[in-house]
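Colleague: I should like to learn how to read the features of a protein model in a systematic way. May we work through one together?

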Amino acid sequence: MTSFAGWQMPLRYASETAEHLAVRRAAGLFDLSHMGEIAVTGPEAGAALDYALVGDLSGLRPGRARYTMICAEDGGVLDDLVVYRLDEHEFLVIANASNTAVVFGAVRERAAGHDARVADATGDYALIAIQGPEAAGILAPLAGGLDLDTIRYYAGAFGEVAGHRAWVARTGYTGEDGFEVFCQPEDAVPIWDALATAGRGAGLVPAGLAARDTLRLEAGMPLYGNELGPDVTPFDAGLGRVVKFDKPGEFVGREALAARASSGPAKRLVGLTIQSRRIARHGYPVLADGKTCGSVTSGAPSPTLGVPIAMAYLEPGADAGDHVLSVGIRGEEVPAQLTDLPFYRRRR
């Protein structure tokens with residue numbers, strides 16, 4: 001167990017490598033109840049979120065979800081979010097645990113003047129994720145009133161899981177197919193136990209934060225505090241597509257983000273495969289022809305690929321093919337190869 005954002009979280013249950021590979025080959029079960037949930041409701045909830053966030057949330061259909069961000073006036077990322085539209089006038093914003101208070105405060109302040117209510121609903125939810133190629137087959141017999149085949153990627157529906165009411169969404173942070181089950185806290189243990197029992201024969205195992213991190217890294221998914229932060233814009237992270245300049249009305253950070261979109265990013269997020277068994281950790285320098293040109297944001301051994309991988313921010317032009325790249329690892333320049341993101345893409 002490890003302390004994280006005021007929670008005690010499972011880092012691993014047994015072997016983090018075994019948990020990672022179980023998600024890639026069968027299924028893993030994650031307790032994600034530390035994530036923040038912010039409810040935005042009312043006739044102008046969509047308009048309030050359009051102003052508060054960079055995405056077009058009023059255009060989201062009920063039952064669908066959208067990946068988006070909340071930015072400061074200067075375009076820096078305060079957090080990356082998933083927003084579900086549960087009903088016509090009801091949205092659920094999912095924030096990173098360490099940023100819940102910041103996101104809640106910013107959304108509430110930015111919603112002022114709209115006919116919308118903003119509430120920190122984190123205490124009203126537990127969150128259990130089942131991820132992997134066997135996830136749908138394990139969950140389906142327990143999902144009363146839900147046809148999982150009709151739930152598309154980044155969509156969700158109300159139903160029951162093991163007899164308990166839940167919002168079931170086809171979302172996740174592993175690069176695999178899977179579902180996230182939002183339920184009342186008192187229903188979390190029976191839902192967890194039912195899924196664990198149902199999945200035992202299919203190879204499902206409980207998985208902790210360590211496996212979650214290597215899974216998302218292989219899938220090229222950013223982590224707040226590593227790839228994202230107040231000194232980074234969505235365009236730097238290669239995620240400018242989440243900024244919707246054509247949505248109705250203004251939004252916080254629009255002017256700064258428009259300037260960054262036209263001028264080009266100040267740095268570029270890239271993938272690196274390390275030509276060694278050495279691990280490139282967060283903060284290690286990246287060198288082009290022996291000169292520092294950036295730094296590693298995330299790095300770990302890839303259980304799926306069998307080699308160390310990393311993501312890093314590089315200065316403009318440092319990713320040109322005529323440069324020899326390396327990572328400074330404890331005083332040694334270890335060769336690195338530019339690699340397209342994501343490192344891993346599941347078969348569909």
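Modeller: The discussion below takes up the sheet, the cores, the backbone and the cavity in turn. Please keep in mind that this is a predicted model.

Colleague: Let us begin with the sheet. In what order do the seven strands of the open sheet stand?

Modeller: The order is S10-S11-S12-S13-S9-S3-S14, and the pairing is mixed.

Colleague: Which strands stand at the edges of the sheet, and why is one side of each left without a neighbour?

Modeller: The edge strands are S10 (143-144) and S14 (204-206); each has a single partner strand, so one side of each has no neighbour in the sheet.

Colleague: How is S10 joined to S11?

Modeller: S10 and strand S11 (residues 156-161) run antiparallel and are joined by two bridges. Across this pair, alanine 143 is opposite valine 161, and glycine 144 is opposite glutamate 160.

Colleague: In what sense do S11 and S12 pair, and over how many bridges?

Modeller: S11 and S12 pair in the antiparallel sense, over six bridges. Valine 161, which faces alanine 143 of S10, stands opposite histidine 164 in S12.

Colleague: Which strands does helix H1 lie across?

Modeller: Helix H1 (residues 16-25) lies across S3, S9 and S14, and its direction makes an angle of about 120 degrees with S3.

Colleague: Let us turn to the interior. Which residues of the largest nonpolar core touch the most other members?

Modeller: A core of this kind is a set of buried residues joined through side-chain atoms within 4.5 Å. The largest one here has 25 residues, and Ile130, Leu139 and Val168 touch the most other members. The elements that give two or more residues to this core are strands S3 (27-31), S9 (126-131), S12 (164-169) and S13 (178-183), with helices H4 (135-139) and H5 (188-199).

Colleague: What does isoleucine 130 touch, not counting residues up to four places away in sequence?

Modeller: With those sequence neighbours left out, isoleucine 130 touches Gly28, Leu29, Ala135, Ile138, Leu139, Gly178, Phe179, Leu195 and Leu204. There is also a second, separate core of 24 residues, with Ile38, Phe91, Ala111 and Val118 among them.

Colleague: How should I read the backbone angles?

Modeller: Most residues other than glycine have a negative phi, and most peptide bonds are trans. Exceptions to either pattern merit a look at their setting.

Colleague: Where is tyrosine 154 placed, and is this residue buried or exposed?

Modeller: Tyrosine 154 is in the loop between S10 and S11, with a positive phi near 60 degrees. The cut-off for buried is under 20% relative accessible area; tyrosine 154 has 15% relative accessibility and therefore counts as buried.

Colleague: What is the phi of alanine 162 in the hairpin of S11 and S12?

Modeller: The hairpin has two residues between the strands, and there alanine 162 takes a positive phi near 55 degrees. At 29% relative accessibility, alanine 162 counts as partly exposed.

Colleague: Which peptide bond is cis?

Modeller: The bond from leucine 341 to proline 342 is cis, with omega near -5 degrees. Proline 342 belongs to the segment after strand S20 (332-339).

Colleague: Finally, how many cavities of 30 Å³ or more are counted, and which residues line the largest cavity?

Modeller: The count is one cavity of 30 Å³ or more, and the largest cavity holds about 30 Å³ of space. Its lining consists of Met9, Pro10, Phe30, Asp31, Leu32, Ala207, Gly208 and Leu209.

Note on methods: Residues are numbered from 1 along each chain as its sequence is written. This is a predicted model: local features need pLDDT of at least 70, side-chain atom pairs count only at pLDDT 80 or more; totals for chains, interfaces and linings use all residues. Side-chain values use heavy atoms; hydrogens and water are left out. Buried means under 20% relative accessible area, exposed over 50%, partly exposed in between (1.4 Å probe, protein chains only). Helices (H or I, at least four residues) and strands (E, at least two) are DSSP runs, numbered from the N terminus. Contact means heavy atoms within 4.5 Å. Two strands pair if DSSP finds at least two bridges between them. Axes are lines fitted to C-alpha atoms, for helices over the stretch in contact, and angles run from 0 to 180 degrees between N-to-C directions. On a 1 Å grid over the protein atoms alone, a cavity is a set of points where a 1.4 Å probe fits but cannot get out, and a pocket is an open set with protein on both sides within 12 Å along at least five of seven lines; lining residues have an atom within 4 Å of a point. Grid points are joined across faces, edges and corners, and a volume is the space filled by probe spheres set on the points.
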